[in-house]
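Welcome, and thank you for opening the viewer. Keep the sequence panel beside the model, and select each stop as it comes up.

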Amino acid sequence: MLYDNRIFYKNYNEILQRTDAEGWDYYSCPNPECRAKGCFKRYSTYIRHLVILEDENLEDLEIEILRLKCLSCKHTTNILPMEAIPFWQYSITLVFLILSIVTSPKGQAISKIAEDIESSFQLFYVYLRIFNEYRDKLILLFRSLSLCNREENPPIRTLVAMACSKPPPFPQEDYMRTNRSPLFLHRRNTVSYPLRFGFYFD
Ligand SMILES: [Zn+2]
């Protein structure tokens, strides 16, 4: 999977319209045994869902995603918009919004939130659990960005507020730069193939 910090769902068409002749020069193959640079050609496209919040309404978008083939090792890879988390339909911005509501001290009842976003309790707890798995790495990231000091061990609510303190692709881009993997990557048990990531940061 390739992430490019210039590519979001709103401008994804730029990638779809790009020809092999215009090149994929800046992308390196995510296969660790290959890493060939600029060695891709278009392979196929597929439809992926991305649920976003637009004007306070949930929108389930169907996005055409481009798959590229590496001419060196013959593996294929896809280019994901920055908002997309592998295996999840909800955009990372929406996940943080849900987390900020769930952890809000004013505390809307979770049932009300579930109603508002037409989702289920279970999903919120899944997000909370996954967030907890990433908690330590997020704290390290926020410390490195001086959003909190070394002694601080902020509670989830504060961490979510820090994550929402700058416009997207923060904190995903910073997390990817440091960890070479997307935030909230949570692999389904059914996935057996190796996950390989490549990044291009402008
Ligand atoms: Zn390759």
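Two strands are taken as paired if DSSP finds at least two bridges between them. Keep that in mind for the opening stop, and remember throughout that this is a predicted model.

**Stop 1: a short parallel pair.** Select strand E1, residues 2-4. E1 is joined to E5 by 3 bridges, and the two run parallel. Now show the side chain of Tyr3: the residue standing opposite, in E5, is Phe199.

**Stop 2: the whole sheet.** Colour the five strands in the order E2-E3-E4-E1-E5. They form an open sheet with mixed pairing. Strands of a sheet pair through backbone hydrogen bonds, in either parallel or antiparallel fashion. At the edges you will find E2 (40-54) and E5 (198-200), each of which pairs on one side only. Neighbouring strands here are turned against each other by 25 degrees on average, direction ignored.

**Stop 3: the hairpin.** Next, pick E2 together with E3, residues 57-70. These two run antiparallel and are joined by 14 bridges. Go to Glu54, which stands opposite Asn57 in E3. The hairpin has 2 residues between its strands, and one of them to click is Asp55, with a positive phi near 50 degrees.

**Stop 4: the buried side of H2.** Move to helix H2, residues 92-102. Which of its residues are buried? Select Ile92, Leu94, Val95, Phe96, Ile98 and Leu99 to see them. What covers these residues includes the edge strand E2, along with H4, H5 (156-163) and H6 (172-179).

**Stop 5: where H4 meets H5.** Keep H5 on screen and add H4, residues 121-144. The two helices pack at an angle of about 60 degrees, their axes 11 Å apart, which means H4 is oblique to H5. The crossing is left-handed. To view the contact, select Phe131, Arg135, Leu138, Ile139 and Phe142 on the H4 side, then Ile156, Leu159 and Met162 on the H5 side. By class, this contact has 7 nonpolar residues, no polar ones and 1 charged.

**Stop 6: Arg135.** Finish by centring on Arg135 in H4, one of the residues that meet H5. Is Arg135 buried, exposed or partly exposed, and why? Arg135 counts as partly exposed because 15 C-beta neighbours lie inside 10 Å, and being buried would take 20 or more. For a last distance, draw a line from the C-alpha atom of Arg135 to that of Phe87: the two are 48 residues apart along the chain and separated by 20 Å.

Key: Residues are numbered from 1 along each chain as its sequence is written. This is a predicted model: local features need pLDDT of at least 70, side-chain atom pairs count only at pLDDT 80 or more; totals for chains, interfaces and linings use all residues. Helices (H or I, at least four residues) and strands (E, at least two) are DSSP runs, numbered from the N terminus. Axes are lines fitted to C-alpha atoms, for helices over the stretch in contact, and angles run from 0 to 180 degrees between N-to-C directions. A residue is buried if 20 or more other C-beta atoms lie within 10 Å of its own, exposed if 12 or fewer, and partly exposed in between; C-beta atoms are placed from the backbone. Two residues are in contact if their C-beta atoms, placed from the backbone, lie within 7 Å. Angles under 35 degrees count as roughly parallel, over 145 as roughly antiparallel, 65 to 115 as roughly perpendicular and the rest as oblique. A crossing is left-handed if the near helix is turned anticlockwise from the far one by less than a right angle, and right-handed if clockwise. Ala, Val, Leu, Ile, Met, Phe, Trp, Tyr, Cys and Pro count as nonpolar, Asp, Glu, Lys and Arg as charged, and the others, Gly among them, as polar.
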